[in-house]
Amino acid sequence: MNKKIFIIIAMLLAVTCSYADNGSNSPYSRYGIGLLSDQSLGINRQMGGLGYGLRSHSYINILNPASFAQADTLTMLFEAGFSLQNVNFKEGSRKINAKNASFDYVAIQFRVRKNLGLSAGFLPYSTVGYSFSTISNQGTNEVSTNSYSGSGGVYQPYIGLGWQPAKWLSVGVMGSYIYGDITHEVGIDFANSTDRSKTYNVSMKSYKVDFGVQFATKLGGKNDIVLGATYSLGHDLNAKTRITEATADSTFTKNLKGGFDLPHTFGVGFAYTYNDRLKLGADYTLQQWSTSSFFGLDKGIDRSKISVGAEYAPGRMSSNIFKMITYRAGAYYAQPYTELDGKKGCEEYGVSAGISLPFLNNNNRSSHATLHLSGQFIHMEPKSAGMIAENYFRINLGITFNESWFMKLKVR
């Protein structure tokens, strides 16, 4: 019965993800394919997006599919995540706040056979959500109001396998179905002449393939290190675009095929562990958006991201609640992947901190659920005059259920 309940919940949450608020209020989501999701789960978010060298049987790490090989022999992991955020927009002396919430991801992980683990789930790849307007003077006393709005996003259901052929080596592959619909609308309202509007409707259906590898070794004594690397294949997203221009007297529609691409993405990182309590790590990611295009016209720019993170677990099975908690913190820096009207976009800085609190059974002190709570502060720094600065404060809430599906009961 517990298995059926979990399967039903997973299906409902996946459907909910498709229709929930995508959590975006940024005018910068107007460019490219929107604001990129960090594609991380609860643990990664606590550590500044760290993940290439992380692996464990107690949590899911989709940033490197090689980590799926660590799936526990007897249990199935189920994780879901939510977020609440407040964003402050600042342009010169003008400020405005916006609040929203989103259901972020759902994922499962379990062992298929010895040294072979499987994970599947649903998460966003990018989000689009904005609405703003400007007033301009066209000359000869003609004033117009220009309005801009957008909605939608790109989503990523995935399934992946991780295999550990040797104690020191794990490899993995993750396949995703990439799909989504994005709408951009531009309206020009004139005071003394005919109004105009232009609408872009983009629909895309394609695939995404990620490969990962992890090398684990002891450095002597209580010191361990895991080195990780990933690669994601870049290719055309098979997009279809319909552009509609309308006035009070006429409507013109143009259809385009292609024009949107996924970038080739490379990632390397490590995680160093001392005495199974202290963990330190760093990641570097390169996305080659300069080989991609948007609407077949605007080219992206290569995006680099650096993440660092730390974890301290004083004693997971202790009866002291403060020792049961795992403490994590991290930071990252990321470059933009688009240019805005020929100018470099916003550079992104983020810091995060959080805790993971297990809920233990009274009978055997084993954990059947873990709560992941973290806070993030993100600053979007514009590099050109006249652009908007954005500051995000985000609360991430995730929960991992650890169910003993594969335990064999012995009857005496």
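Student: In which loop is Pro263 found?

Tutor: In this predicted model, we can place Pro263 by looking at the strands on either side of the residue. One of these strands is β12, residues 261-262, and the other is β13, residues 265-274, so that Pro263, by the DSSP runs, is found in the loop between β12 and β13.

Student: Is Pro263 buried or exposed?

Tutor: A residue counts as buried when its relative accessible area is under 20%, and as exposed when that area is over 50%. The relative accessible area of Pro263 is 2%, and therefore Pro263 is buried.

Student: Which residues is Pro263 in contact with, leaving aside its neighbours within four places in sequence?

Tutor: Contact here means heavy atoms within 4.5 Å. With those sequence neighbours left aside, the residues in contact with Pro263 are Tyr125, Ser232, Leu233, Gly234, Gln287, Gln288, Trp289 and Ser292.

Student: Which residues have the most contacts inside the largest nonpolar core, and which strand gives the most to this core?

Tutor: The largest nonpolar core has 17 residues, and those with the most contacts inside it are Ile33, Tyr125, Met204 and Phe260. Strands β4, β5, β6 and β7 each supply at least two residues of this core. The strand that gives the most, with 3 residues, is β4.

Student: Why is the pair of Phe122 and Tyr155 stacked?

Tutor: A pair of aromatic rings is described by the distance of the centres and the angle of the planes. The ring centres of Phe122 and Tyr155 are 6.1 Å apart, and their planes stand at 25°. Because planes under 30 degrees apart count as stacked, the pair formed by Phe122 and Tyr155 is stacked.

Student: How many residues apart are Phe122 and Tyr155 along the chain?

Tutor: Phe122 lies in strand β4, whereas Tyr155 lies in strand β5, and the pair links distant parts of the chain. Both residues are buried, and their separation along the chain is 33 residues.

Student: Is Tyr177 buried, exposed or partly exposed?

Tutor: Tyr177 belongs to one aromatic cluster with Phe122, Tyr155 and Tyr179. Its relative accessibility is 39%, and values between under 20% for buried and over 50% for exposed count as partly exposed. Tyr177 is therefore partly exposed.

Student: Over the ring of which residue does the charged end of Lys305 sit?

Tutor: Tyr332 is on the covered face of strand β18, together with Thr326, Arg328, Gly330 and Ala334. The charged end of Lys305 is 4.8 Å from the centre of the ring over which it sits, and that ring belongs to Tyr332.

Terms used:
Residues numbered from 1 in each chain as written. Predicted model: local features only at pLDDT ≥ 70, side-chain atom pairs only at ≥ 80, totals over all residues. Heavy atoms only, no water. Core = buried A, V, L, I, M, F, W, Y, C linked by side-chain atoms within 4.5 Å. Buried < 20%, exposed > 50% of the residue type's maximum accessible area, 1.4 Å probe, protein only. Helix = DSSP H or I, 4+ residues; strand = E, 2+ residues; numbered from the N terminus. Phe/Tyr/Trp six-rings, centres within 6.5 Å; stacked < 30°, edge-to-face > 60°. Lys NZ or Arg CZ within 6 Å of the ring centre and 35° of its normal.
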